[in-house]
Amino acid sequence: MKEPLVPVVPMSHTAHIRSHRKPRRSATSSIAMRAGVAGGVLSMAAAGASASANAAEPVTQTIELPTLTADMSAAVAQSAAATQQAAANYELRAERDAAAAKAAAEAKKDLAEAKKKAEAKKKAAEAARKAAAERAERSAERATLSASASASTSTSVSAPASGSVATVIAFLKAQVGDAYVMGATGPNAWDCSSLVQAAYKQVGVDLPRVSQDQSMAGTDVPLSSVQVGDILYWGGKGSAYHVGVYIGNGQYLDAANPSKGVVIQDLSGYPASGAVRVL
């Protein structure tokens, strides 16, 4: 197939023909481009030099402390609160333990005091029973001996006293009105046995100091045969708790007690348990 023919049109010599050359850049743009390229080259050179310097020198790294965030602050606050609560719980537990120990000690003390009081009460009741038994025994002895003492009065009154017995009785009557003091031995205060001992010492008879031993001295005498100058005792022989001296007419002289002192009393009012004769 044949290509179509292009018609040729004659051009005028004055016709304008477009140029196929690229437009020239301005001098300013060219200078700027050259400056940019040069700056880039210099920057690359500086970077290379810096990298070389950095590679030659050791690197020192600075570590900064982390800044507390809101979550970390909340965790710290929660930990502090937990520690404070644990301390409060420990203190409360310590207080409770101390209170329990104190209560236990007080209970132990109360129990000891209760036991002590119970023992004291038991001893007091025992002493009261013993005293009641002794009173009953003495009452029975008095009832038994009252008749014999009254029957023997006429016989004993008529019995003449020897010189030694008269001296004893005179000494005893001279002490009437003196005080009774337990353990006293005269000359103005006596107890029952010291008065009897001092009276018989006037005639050279050395008696024991206490009533228990005085009831064992001399010869036993039945109360129905008691004579002036015989020692009377109350209580068991060898365990007598009181002594006096028979002075006739159903009477005896003794250092009775702190309220009466040294007095003369009727034997019928307080019958003796027994008698001994030392003269």
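Here are three short exercises on a predicted model, each with a worked solution.

**Exercise 1: Walk across the sheet**

Work out the strand order of the open sheet, and say which strands stand at its edges.

*Solution.*

Step 1. Start with E8 (residues 274–277): 3 bridges join strand E3 (residues 219–221) to E8, and the two run antiparallel. You can spot this pairing at Val221, whose bridge partner in E8 is Ala275.

Step 2. Now look for another partner of E8. Strand E4 (residues 231–234) is joined to E8 by 3 bridges, again antiparallel. Here Ile231 has Val276 as its bridge partner in E8.

Step 3. Keep going from E4: 4 bridges join E4 to E5, and these strands run antiparallel too. Find Trp234 in your viewer, and you'll see that it stands opposite His242 in E5.

Step 4. Put the whole thing together. The sheet has 6 strands in the order E3-E8-E4-E5-E6-E7, with antiparallel pairing.

Step 5. Check the ends. E3 and strand E7 (262–266) each have a single partner strand, so one side of each has no neighbour in the sheet. From one strand to the next, the twist averages 35°.

**Exercise 2: Lay the helices on the sheet**

Find which strands H4 lies across and which ones H5 touches, then give the angle of each helix to E5.

*Solution.*

Step 1. Take H4: this helix lies across E5 and E6, and runs at about 115° to E5.

Step 2. Move on to H5, which packs on the sheet and touches E4, E5, E6 and E7. The direction of H5 makes about 45° with that of E5.

**Exercise 3: Take the cores apart**

Say which elements supply at least two residues each to the largest nonpolar core, and trace the contacts of Leu172.

*Solution.*

Step 1. Remember the background: in soluble globular proteins, nonpolar side chains tend to be buried together.

Step 2. Find the hubs. The largest nonpolar core has 27 residues, and Leu172, Leu195 and Tyr200 touch the most other members.

Step 3. List the suppliers. Helix H4 (163–174), helix H5 (192–201), E4, strand E5 (242–248) and strand E6 (251–255) each give at least two residues to this core. The largest share is from H5, with 6 residues.

Step 4. Zoom in on Leu172. If you skip its neighbours within four places in sequence, Leu172 is in contact with Leu195, Ala199, Val245 and Leu253.

Step 5. Don't stop at one core! A second, separate core has 10 residues, including Val221, Leu223, Leu267 and Ala275. Two of these names should ring a bell: Val221 and Ala275 are the bridge partners from Exercise 1.

Notes. Residues numbered from 1 in each chain as written. Predicted model: local features only at pLDDT ≥ 70, side-chain atom pairs only at ≥ 80, totals over all residues. Heavy atoms only, no water. Pairing = 2+ DSSP bridges. Core = buried A, V, L, I, M, F, W, Y, C linked by side-chain atoms within 4.5 Å. Buried < 20%, exposed > 50% of the residue type's maximum accessible area, 1.4 Å probe, protein only. Contact = heavy atoms within 4.5 Å. Axes fitted to C-alpha atoms, helices over the stretch in contact; angles between N-to-C directions.
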